[in-house]
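I opened this entry to record what I looked up, step by step. The notes follow the order in which I consulted the structure.

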Amino acid sequence: MAAACSLVGPSTFLRSSKRVVVPDSSAVEISSSSNVVDVRVRARCAIQSSSLGSGHGQSIQRTVKEFDSCLTASSFSSSSLSTSLPSSSSPSADERWRSQGSRGSHPDALDMRMFGIATEGQSMVAGLEVGATSWLEHHSEETSSSRGTSGGVPVFVMLPLDSVNMNNIVNRKRAMNASLLALKSAGVEGIMMDVWWGIVEKDGPMMYNWSAYIELINMARKHGLKVQCVMSFHQCGGNVGDSCNIPLPPWVVEEIKSDNDLVYTDKYGNRNYEYLSLGCDSLPVLKGRSQVQVYSDFMRSFRETFKDLLGNTVIEIQVGMGPAGELRYPGYPEQNGRWRFPGIGEFQCYDKYMIASLKSAAEAIGMPAWGHGGPSDAGDYNRWPDEIAFFSRDGGWKTAYGEFFLDWYSKMLINHGEKILSAAAGIFRGTGAVLSGKVAGIHWHYGTRSHAAELTAGYYNTRYRDGYAPIARMFGRHGVTLNFTCIEMKDEEQPPQAACSPESLLRQVTVASRTAGIRLAGENALPRFDQTAYNQVVKKSRLQFNLHVDSHEDQEPMCAFTYLRMSESLFQADNWRLFVPFVRHMQEGRTFQPWEQGHQDSESHVHATRPLVQEAAQALMYH
């Protein structure tokens, strides 16, 4: 069977191990023997087949129509590919871009391998072996696009960090039960819970105790709530909003005590014990297993334990990849007052494993002097960019050395995410659960040229370089939803001297996600119960793909929003009265419609659920 397709977006195919980039609006003849790498495209196709119909050789041509198609390596087998490119009279990519209102990045500014195809050489092919099926499975789920521009956004609520205590017991069971019932009554889709490595595997390597989480997830199921489970491979304590202390497993802490270089280290030798250094990702430093192997075994045990609930109750697995579960370095640790907002943070590359990698990278380009550590003029945690030579307007970040270091530092982080997400995609393939990963909303100093705070956290994002596109492409290779924070924040609420712009940052990440063909979900970064924050979340849940214009045109809903977090304060009467209509407006997709009628309906619902809410608030207060 052959399909002649007009592709409405650049696409990349493999032909004899070489990339063939097909420009916009190209007619592509793909034979049944072609080898096509997975790519999500918008296509206009006329399908012809000699195998359709009752007679041998009979040919039937289907009606030409536009549809969303995911061309996969499994659909074709060899390497026959012919293309018919546009004639010279066709409009240029630049003209098409401008005719569409200049939405998104200019095509000349984009890497044409924007779907993550062949961007990392041979590693891409290896990634396909693990991630190709999960990519298809991921795209078979309902997406924001399939719901349409007026579709709703399901709301999830994060549970308290200590919902399961260090004794592996569900905390405050009566309060939890009452709270879940109240959330369901408000129309909440489900809950998010941290599944702590430090609790489940506390007793020893591969000695897993899931008992409390079995009880908690079944409690949610009983109330008809869906569950997002976070594989929390970090410690709780030391980050914004951390209200309890849950360390890494004791046997891991023992290994760290015998080798302090297993954790991230700054240039002063300060160790950060929140999360293991990615420098030892593949080394057997944990009782004979590597960090990635340990995480993989943990996720595999989770899959086997909850296999009957995956895809129906447990609908999402968020994979932790760094401090606070986010894919980043601990560049801005709050513990012990080391960092304060809006400090630029510090590079975390001074453990012996990271230094060994840096040294190797520097020697590989013939610059061994660059391999001894990070930039010496990068200041400290609480400085400002214009005070520091490296981050100043035309500072070291723009030099050949600066570009080398920042490229290495950011790629090490992306490779770390690649290893873990590749493993997770293989483990959860076929379960029906969606995978997600979290990226931090580092919005301070976003208005400067160097974006210093993002750089120290591992996001190589500057005024002249898109640091989120490579991350989104990596997520895309494994069909992973990108979960992004700071959705509730407005630029005007931030201190002007800190050059914050959470709204511009969100728009940039939105464009990167769409370009990579992945779903985007959101969270609020800080607990908020006010109408202003709710209005902002509702507004920003309609994803905007124009980098420069805040318009309602061509917007799509996020795939989900997770609210931080369930607490006694949420169930207080005044706060609950605002929360209920927020949930309903999100789920009904009524972002740009008058809220008066919805408010009246919500008031009635708030009154009806008052006994449930009062019980939840009292239970949380006294237990």
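**Entry 1: a histidine and its helix.** I worked from a predicted model. I began with H416, which I found in helix α10. Is H416 buried or exposed? Its relative accessible area is 1%, so I entered H416 as buried. I then listed what H416 is in contact with, leaving aside its neighbours within four places in sequence. The partners are Y275, L278, D281, Q291, M321 and L327.

I next looked at the helix as a whole. Helix α10 runs over residues 400–428 and has 29 residues. From its first C-alpha to its last, α10 reaches 42 Å, close to the 42 Å expected at 1.5 Å a residue. How many of the residues of α10 are buried? I noted 22 of the 29, so α10 is largely enclosed by the rest of the structure. After the helix comes G430, for which I recorded a positive phi, near 85°.

**Entry 2: salt bridges.** The count of salt bridges comes to 24. I looked up several of them individually.

I took D162 and R172, whose side chains meet in a salt bridge at 3.3 Å, N to O. Both residues sit in the loop between β9 (155–158) and α4 (173–185), 10 residues apart. D162 has 23% relative accessibility and therefore counts as partly exposed. R172, at 22% relative accessibility, also counts as partly exposed.

I remained with helix α10 for the next pair. The side chains of E418 and R477 form a salt bridge at 2.6 Å, N to O. E418 lies in α10 and R477 in helix α12 (residues 469–477), so this pair ties together parts that are 59 residues apart in sequence. I entered both E418 and R477 as buried.

The next pair I examined was E556 and R514, which meet in a salt bridge at 3.7 Å, N to O. This pair links distant parts of the chain: E556 is in strand β19 (residues 556–557) and R514 in helix α13 (residues 502–516), 42 residues apart. Which of the two is buried, and which is partly exposed? E556 has 15% relative accessibility, so I entered E556 as buried. R514 has 36% relative accessibility and therefore counts as partly exposed. I also noted a network, in which salt bridges that share partners join E201, R289, D297 and R300.

**Entry 3: the nonpolar core.** In soluble globular proteins, nonpolar side chains tend to be buried together. I therefore looked up the largest nonpolar core, which holds 151 residues. Which of its residues touch the most other members? I recorded L183, F302, I317, F475, W576 and F579. Helix α10 supplies the largest share of this core, 15 residues.

I followed L183 further, not counting residues up to four places away in sequence. L183 touches V157, V188, I191, M566, L570, F571, W576 and F579.

**Entry 4: cysteines.** How many disulfides does the structure hold? I found 0 disulfides. I then checked the burial of two cysteines. C280 has a relative accessible area of 1%, so I entered C280 as buried. C559, at 10% relative accessibility, falls under the 20% limit and therefore also counts as buried.

Notes
Residues numbered from 1 in each chain as written. Predicted model: local features only at pLDDT ≥ 70, side-chain atom pairs only at ≥ 80, totals over all residues. Heavy atoms only, no water. Helix = DSSP H or I, 4+ residues; strand = E, 2+ residues; numbered from the N terminus. Expected span 1.5 Å × (residues − 1). Buried < 20%, exposed > 50% of the residue type's maximum accessible area, 1.4 Å probe, protein only. Salt bridge = Lys/Arg side-chain N within 4 Å of Asp/Glu carboxyl O. Contact = heavy atoms within 4.5 Å. Core = buried A, V, L, I, M, F, W, Y, C linked by side-chain atoms within 4.5 Å. Disulfide = S-S within 2.5 Å.
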